[in-house]
Amino acid sequence: MNLTTGKTGTISQSVEDTTSLDVATIRKDFPQLSRQVRDKPLTYLDNAATSQKPRAVINKINEYYQQYNANIHRAIYAIGEQATLEYESAREKVARFINAWETSSVIFTRGTTEAINLVAYSWGRHNLGPGDEILITEMEHHSNIIPWQLAARDTGATLRYIPIRSDGTLALNNPDEYFTDKTRLVSFIHQSNVFGTINPVREIYQMAKDVGALVLVDAAQSVPHSPMDIQTLGCDFLAFSGHKMLGPTGVGVLCGRQELLTGMEPFLGGGEMINSVTMEESTWNKPPWKFEAGTPNIAQVIGLGAAVDYLETIGIDSIERHERTLTRYALEALSAIPEVTIYGPGAERGGLVSFNVENVHPHDLAQVLDERGIAIRAGHHCAQPIMQKLDVPATARASFYLYNTTVEIDALCEGVTAAIDFMT
Ligand code: C6P
């Protein structure tokens, strides 16, 4: 297989030897991967921020707008029925993809952020009070910190943090210090968007259950990249975003245990989430619709269903294997550059690498790479507490997906070396 990169021209692509993915064919499914950026082929290594979209997803969204654009759950005419059918069939696909307890456990939100806020408002505001503790970790994305800071402020509960070690793993050696009879909810990231750390969900779930706490898992960086079986994972709520798993922006999922969802107060009030409304009072629809007030993101949900179809056709196991190969390759290649410091655990980690280059600010590095058509993320990755722990203002981060290649990682390393030559 041959792929073209900006610096090296056409070079043979070696990762195929170690993974079962036909990357050259897969790349043809993603229109944006064949475009030029600054007169160079695009090397897209910012998949943890958002993934590219395959033609199947783009076409599915077009199909909705061109053929059965109508509101759902209320239209008694053909196109409205088709739209409803497609929307609810996307829910079934997502439920199957993560092995949800029930199809109705899947609530469509705008993304991971809204999914976590939903729990913080609908469960947190009605179940937390002074003396209660919410337990999160020092490696959370802001979307799993701020909702709990606000919930703690509004309810009088206390927010506590499981600390991280310098290698980006959780310091879980003294659990009794953090998991106490005051702990009501434990909310944590499955796979770190900064370190790539894969946290031991089952172990943490057990610690939480030993003290009677609920568990929310932020799976924004895991569901797109590795097989998810929510029933064996160990959680009560799972949150993730469609746009990181080949789907459109503006759609995400909160999956929750039915008995919890049934007992929770609504998040937003409006159309669709009600059973009956009088001028005095209202009663609520069943989950998931109780939590989907107003006209939902119909096109985006249908697009997410197409993304799930695509991921299942390729095979999420193969995608995970491919990313592991790329990550090992990137870790080896980047650590061969003496000026590079890599963050996160050495072995078991997801498909991304955060790093810094001595005397080169990550923003400057990103700019040099951009001139070569290479897109990485540089910044605090919406995880400022981690930056404070590492005592750095920012890091550079390359993150991979099914369509990335070792050739692209070579291009990244060449760009890093060029930045060092140019700036130091
Ligand atoms: N992280 C990144 O570049 P939304 O924005 O709601 O789709 O996802 C928020 C979110 C929550 N949890 C984790 C672990 C995440 O990584 C993200 C999004 C992106 O790392 C954008 S900041």
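**Figure 1. Y64 and Y68 are both buried.** In this predicted model, the two tyrosines form an aromatic pair of edge-to-face geometry, with 5.7 Å centre to centre and 70° between the planes. The count of aromatic pairs comes to 7.

**Figure 2. An aromatic pair joins Y87 and F108.** The rings of Y87 and F108 meet edge-to-face, 5.5 Å centre to centre and with 70° between the planes. Y87 belongs to helix α3 (residues 78-97) and F108 to strand β6 (residues 106-109), so the pair ties together parts that are 21 residues apart in sequence. Both Y87 and F108 are buried.

**Figure 3. F30, Y310, Y401 and Y403 form a cluster.** Ring pairs provide the links among these four residues.

**Figure 4. R125 lies over the face of Y121.** R125 is placed at 3.9 Å from the ring centre of Y121.

**Figure 5. The ligand is surrounded by 18 residues.** The closest of these residues are T113, D218, Q221, S241 and R377. By class, the shell around the ligand divides into 5 nonpolar, 9 polar and 4 charged residues.

**Figure 6. Side chains of N193, H243 and R397 approach oxygen atoms of the ligand.** For N193, an N or O atom of the side chain is 2.8 Å from an oxygen atom of the ligand. The corresponding distance is 2.7 Å for the side chain of H243, and it is 2.7 Å for that of R397. On its own the ligand has 510 Å² of accessible area, of which the protein covers 87%.

Terms used:
Residues are numbered from 1 along each chain as its sequence is written. This is a predicted model: local features need pLDDT of at least 70, side-chain atom pairs count only at pLDDT 80 or more; totals for chains, interfaces and linings use all residues. Side-chain values use heavy atoms; hydrogens and water are left out. Rings of Phe, Tyr and Trp (its six-membered ring) pair if their centres lie within 6.5 Å; planes under 30 degrees apart count as stacked, over 60 as edge-to-face and the rest as tilted. Buried means under 20% relative accessible area, exposed over 50%, partly exposed in between (1.4 Å probe, protein chains only). Helices (H or I, at least four residues) and strands (E, at least two) are DSSP runs, numbered from the N terminus. A charge sits over a ring if NZ of Lys or CZ of Arg is within 6 Å of the ring centre and within 35 degrees of the ring normal. A residue is near a molecule or strand if one of its heavy atoms lies within 4 Å of it. A polar contact is a pair of N or O atoms within 3.5 Å; within protein, one must be able to donate a hydrogen and the other to accept it, and residues adjacent in sequence count only if both atoms are side-chain atoms. Accessible areas come from the Shrake-Rupley method with a 1.4 Å probe; for residues, only the protein chains shown count as cover. Ala, Val, Leu, Ile, Met, Phe, Trp, Tyr, Cys and Pro count as nonpolar, Asp, Glu, Lys and Arg as charged, and the others, Gly among them, as polar.
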